[in-house]
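Student: I would like to take a close look at one part of this model, and then follow the connections outward from there. Please take your time over the answer.

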Amino acid sequence: MNLEPTAAFVLHYSKGIYKNNLIKKYLEYIDFSSANSIIAMCEEKKISHLLHEAMCSRKFIITRLVLNALEENNYEQIVIFASGKSPISLELVLNNKNHIAIFELDNASFSEKRNIFKKLLDKNNFNKLNFLEIDITDLKLIHKLENYNFDKKKRTILIFEGITHYLDKKIYLKLLQNLSNNTKNKFIIEYAPEIAKLSEDYKFAVKEVFNFIEKNYYLAKMTNYSKNEFINFFKSISGEINKIYDLRMISSMRKSEKYKFENNFVGPLEVIDANA
């Protein structure tokens with residue numbers, strides 16, 4: 001199964017986080033070769049360890065937050081935005097015994113991924129999954145989801161990983177507002193802080209990666225956010241941010257000792273746990 005270069009790049013640096021044998025088997029179906037040139041650049045620039053730390057931490061915290069929410073609260077649905085070939089839904093069904101509907105959304109085809117999942121999962125777990133090829137910025141998104149048995153009244157976990165920085169800010173915040181449900185819904189949002197505020201090593205790494213992407217693949221315009229923007233936004237829709245996790249916190253939770261954090265460290269990603 002082929003991946004576009006940036007997806008292969010992210011999964012290459014994060015695949016070490018997956019310990020489940022079924023997920024490892026899924027990863028064997030993936031051809032990572034489209035990312036060979038960008039991975040070679042990262043090795044040449046000696047930034048691979050930084051990307052490994054960030055990508056593994058991102059996958060770790062998002063999965064941890066979703067599983068904790070499922071254990072502690074009565075959520076009945078999960079929506080994963082721009083999920084692509086990520087194995088996150090596979091990980092969620094394997095680690096949660098509840099009857100829950102999972103909706104994967106992306107504007108690319110799910111046919112290969114769906115067929116592989118069907119081979120790997122038993123019928124009960126496979127039937128929890130719904131694959132929708134759809135534009136996530138479509139103003140009629142919720143109505144289209146309802147055609148696939150999504151119930152907007154049910155408590156839902158909404159996962160935004162690796163997508164926030166590619167969407168126009170105004171369109172994205174409107175999407176979040178439309179998905180709010182009187183604090184019943186859980187929002188798990190990964191976002192990128194402003195590059196200028198990053199610690200020097202990550203500032204260098206992020207600039208190198210995005211310069212390479214723009215030169216070799218496509219224009220990688222990045223939308224950045226501050227903590228205050230999200231705090232003010234969730235207040236404006238009567239929501240609440242439970243916690244914002246930075247890379248230092250996540251690495252500590254992972255017990256990762258591969259990166260030494262300076263006192264005023266600012267990493268390339270942060271993850272929000274909020275309800276609205």
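Student: At what angle do helix α4 (residues 48–72) and helix α12 (residues 247–254) pack, and how far apart are their axes?

Tutor: This is a predicted model, in which local features need pLDDT of at least 70 and side-chain atom pairs count only at pLDDT 80 or more, while totals for chains, interfaces and linings use all residues. Residues are numbered from 1 along each chain as its sequence is written, and side-chain values use heavy atoms, with hydrogens and water left out.

Helix α4 and helix α12 pack at an angle of about 75°, and their axes are 9 Å apart. The axes are lines fitted to C-alpha atoms, for helices over the stretch in contact, with angles running from 0 to 180 degrees between N-to-C directions; helices (H or I, at least four residues) and strands (E, at least two) are DSSP runs numbered from the N terminus. The two helices are therefore roughly perpendicular to each other, a label given to angles of 65 to 115 degrees, whereas those under 35 count as roughly parallel, those over 145 as roughly antiparallel and the rest as oblique.

From α4, the residues that meet α12 are Glu 53, Ala 54, Cys 56, Ser 57, Phe 60, Ile 61 and Arg 64, and their partners in α12 are Leu 247, Ile 250, Ser 251, Met 253 and Arg 254, where contact means heavy atoms within 4.5 Å. By class, this contact has seven nonpolar, two polar and three charged residues; here Ala, Val, Leu, Ile, Met, Phe, Trp, Tyr, Cys and Pro count as nonpolar, Asp, Glu, Lys and Arg as charged, and the others, Gly among them, as polar.

Cys 56 also leads to another helix, since it is touched by Ser 14, as are Met 55 and Lys 59, not counting residues up to four places away in sequence. Ser 14 lies in helix α1 (residues 5–14), and at 0% relative accessibility Ser 14 counts as buried (buried means under 20% relative accessible area, exposed over 50%, and partly exposed in between, with a 1.4 Å probe and protein chains only).

Just before α4, in the loop between α3 (36–44) and α4, is Lys 46. Phi of Lys 46 is near 60°, a positive value in a residue other than glycine, and at 65% relative accessibility Lys 46 counts as exposed.

Helix α4 also takes part in the interior. The largest nonpolar core has 66 residues, and those with the most contacts inside it are Phe 9, Tyr 26, Ile 38, Ile 78, Ile 157, Ile 159 and Val 209; α4 gives the most to this core, with eleven residues. Such a core is a set of buried Ala, Val, Leu, Ile, Met, Phe, Trp, Tyr and Cys residues joined through side-chain atoms within 4.5 Å. Ile 159 touches residues including Ile 62, Val 66, Ile 78 and Ile 188, not counting residues up to four places away in sequence.

Tyr 26, also named in that core, is buried in helix α2 (residues 21–28) together with Ile 23 and Leu 27. Seen down the axis of α2, the buried residues fall within an arc of 100°, so they line one face of the helix, the arc being that of the directions from the helix axis to the C-beta atoms. On the other side of α2, Asn 21 and Glu 28 are exposed, while the buried residues of α2 pack against α1, α5 (88–94) and α6 (111–120).
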